[in-house]
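Let's walk through a protein chain together, one question at a time. Have a look at it first, then we'll dig in.

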Amino acid sequence: MKKFLAKPYRWAAVLAVLLTFSFVFVLLDTFVIPKNVTEVKQREAAEQQNTSSEQQSAAEDPTESGSETKAAVTDHSYQDKNIKITIDAVQAYDTTIYVADIQLSDASYLKTALAENSFGRNLKETTSDMAEEHQAVFAINGDYYGFRNNGYVLRNGVLYRDTAREAGNDEALVIDDVGNFSIINENAVSADSLTNTWQVLSFGPALIENGKIVVDSTSEVSQSKNSNPRTAIGQVSGLHYIVIVSDGRTEESAGLSLLELAQEFAERGCTVAYNLDGGGSSTMYFNGEIVNHPTDGRSSQQREVSDIVYIGNE
């Protein structure tokens, strides 16, 4: 070995190999190797032990189950006794924009799901795969929580992560147990202090608060381009929501700025609207089909993501 390393260039070769292995390991650790995995059903089962007998009785009564409801379905709409969805495609800002108008009878129909039915870093599935696994009527990509080590993660009433993001980039969307939206700053409101909370999504920024647009032409997510595929969700009134997904980064569809996205929600009467993960993640799923054209600008296919927001009876 000593003789082998006597040549200077061999030291350089060994160092290069070590650096290459270190670089590959960092990439795998950041983007591929699953970490801190918690199975969703175990957490939910523990949290739901105190569910009231009244709720249990309702769940066990098939006459109260939406899954027993016969739905009226077209290519662009769905309606049963608990869920009403209509989807329109419009053109604006040289961009194709898909708008879902959603009305529910109860906040419990606005759900979230995690890839591989587990919480943890680098767990990923496509939006459509997760939607089908949960028999979703409608779904969009969520906040891609698994790409970061911080940002609140509270899903279907269960808190999985209580670590705040850095101040100045910490706006989170809170959906309470009756379905109302609000915006919090994670550094000002602890996750443990949130009560009667059904979902928390941690991406941002907020687009509309108290009926007013709160982004401008300079607003953007980190180093993203000004025009992107986008995914966002807003509330019009009690249990009435608007979801927008836009195509982008193609010759046919440029994509939206955050201000343009906010204007689309404002035109539809939203009092609160919030930006979710976009770019190649932006996907809208409805009744077994992908509605938009997901792309990261290089390939036209769905990106695997950490989580979805969905509407469904299951």
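Q: Which residues does M284 touch, leaving aside its neighbours within four places in sequence?
A: This is a predicted model, so keep that in mind as you look. Contact here means heavy atoms within 4.5 Å. With the neighbours within four places set aside, M284 is in contact with I87, Y98, A100, F138, A139, I140, V243, V245, E289, I290, V291 and N292.

Q: How many residues are in the largest nonpolar core?
A: M284 shows up again here, as one of the residues that touch the most other members. I85, I102, F138, L173, L207 and F265 are in that group too. The core they belong to has 50 residues.

Q: Which strand gives this core its largest share?
A: Look along residues 95-104. That stretch supplies six residues of the core, and it's strand β5.

Q: How many residues make up the other core, the one with L123 and M130?
A: This one lies apart from the big core we just met. Y285 and V305 are also among its members. Its total is twelve residues.

Q: Which strands sit at the edges of the open sheet that contains β8?
A: Five strands form this sheet, with antiparallel pairing, in the order β6-β21-β8-β19-β20. An edge strand here pairs on one side only. That picks out β6 (110-114) and β20 (289-290).

Q: What is the bridge partner of A113 in β21?
A: Strand β21 covers residues 307-311, and β6 pairs with β21 in the antiparallel sense over five bridges. Within β21, the partner of A113 is I308.

Key:
Residues are numbered from 1 along each chain as its sequence is written. This is a predicted model: local features need pLDDT of at least 70, side-chain atom pairs count only at pLDDT 80 or more; totals for chains, interfaces and linings use all residues. Side-chain values use heavy atoms; hydrogens and water are left out. Two strands pair if DSSP finds at least two bridges between them. Helices (H or I, at least four residues) and strands (E, at least two) are DSSP runs, numbered from the N terminus. A nonpolar core is a set of buried Ala, Val, Leu, Ile, Met, Phe, Trp, Tyr and Cys residues joined through side-chain atoms within 4.5 Å. Buried means under 20% relative accessible area, exposed over 50%, partly exposed in between (1.4 Å probe, protein chains only).
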